[in-house]
Amino acid sequence: MPQKAPLLLSSIVTCKCPRCRKGRVFPYSAFNLFGFSKTNDNCPNCGLKFEHETGFFWGAMYISYAFSTFIMIVFGVLAINLDWSFAKIATVLIPTILLITPFSYRYSRILLLYLISPNRHFDNKYL
Ligand SMILES: [Zn+2]
């Protein structure tokens with residue numbers, strides 16, 4: 001009986017390999033302060049090379065920029081509507097940005113791998 005394929009959305013959320021949806025892209029937890037940015041060179045399950053060319057993950061910087069811009073817009077709208085002072089904006093915004101940095105870093109790479117990368121499509125033979 002063939003194995004059931006992991007869902008695309010759950011694979012993205014859990015940062016799994018885009019080809020087999022089982023291997024981890026990142027070896028450490030996002031909460032590991034010194035290890036959250038480490039990315040596996042290859043998928044531990046199917047062997048897919050994640051950075052298929054030098055500088056491939058530079059493209060993730062643009063996705064991360066979009067995340068940051070979105071956060072800034074949300075905070076800007078909140079600050080205007082709630083009539084926050086500059087000190088209050090800085091007090092709330094700076095820790096928020098520091099807290100989301102690992103997630104922004106990871107999900108920008110994951111989205112790049114899933115959405116833009118050629119030859120990274122799901123393949124049943126790696127289940
Ligand atoms: Zn894989």
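**Exercise 1. Work out what share of the chain's 127 residues is buried.**

Solution. Buried residues account for 16% of the 127 residues in the chain. Here a residue is buried if 20 or more other C-beta atoms lie within 10 Å of its own, exposed if 12 or fewer, and partly exposed in between, with C-beta atoms placed from the backbone. Keep in mind that this is a predicted model, where local features need pLDDT of at least 70, side-chain atom pairs count only at pLDDT 80 or more, and totals for chains, interfaces and linings use all residues. Numbering starts from 1 along each chain as its sequence is written.

**Exercise 2. Describe the secondary structure and the overall spread of the chain.**

Solution. Start with the elements: the chain has 3 helices and 0 strands, counted as DSSP runs (helices H or I, at least four residues; strands E, at least two) numbered from the N terminus. Along the sequence they give the pattern α-α-α. The radius of gyration is 18 Å, well over the 14 Å from the globule rule for 127 residues, so the chain is more spread out than a compact globule. That radius is taken over C-alpha atoms, and the rule is 2.2 Å times the number of residues to the power 0.38. Finally, the C-alpha trace spans about 60 × 30 × 25 Å along its principal axes.

**Exercise 3. Check the span of helix α2 (residues 60–81), then its burial.**

Solution. The expected span is 1.5 Å times one less than the number of residues. For the 22 residues of α2 this should be 32 Å, and the end C-alpha atoms are 32 Å apart, which agrees. Next, burial: α2 is hardly covered, with a count of 1 buried residue among its 22.

**Exercise 4. Find the largest nonpolar core and follow F26 outward.**

Solution. A nonpolar core is a set of buried Ala, Val, Leu, Ile, Met, Phe, Trp, Tyr and Cys residues joined through C-beta atoms within 7 Å. The largest one has 11 residues, including C17, F26, F50 and L113. Helix α3 (residues 86–116) supplies the largest share of this core, 3 residues. Beyond its neighbours within four places in sequence, F26 is in contact (C-beta atoms, placed from the backbone, within 7 Å) with C15, K38, T39, N40 and R106.

**Exercise 5. Locate C15 and D83, and classify their exposure.**

Solution. C15 sits in the loop between α1 (8–13) and α2; its phi is positive, near 60 degrees. With 16 C-beta neighbours inside 10 Å, C15 is partly exposed. D83 lies in the loop between α2 and α3 and has a positive phi of about 55 degrees, although it is not a glycine. D83 is exposed, having 7 other C-beta atoms within 10 Å.

Definitions and conventions. Two residues are in contact if their C-beta atoms, placed from the backbone, lie within 7 Å.
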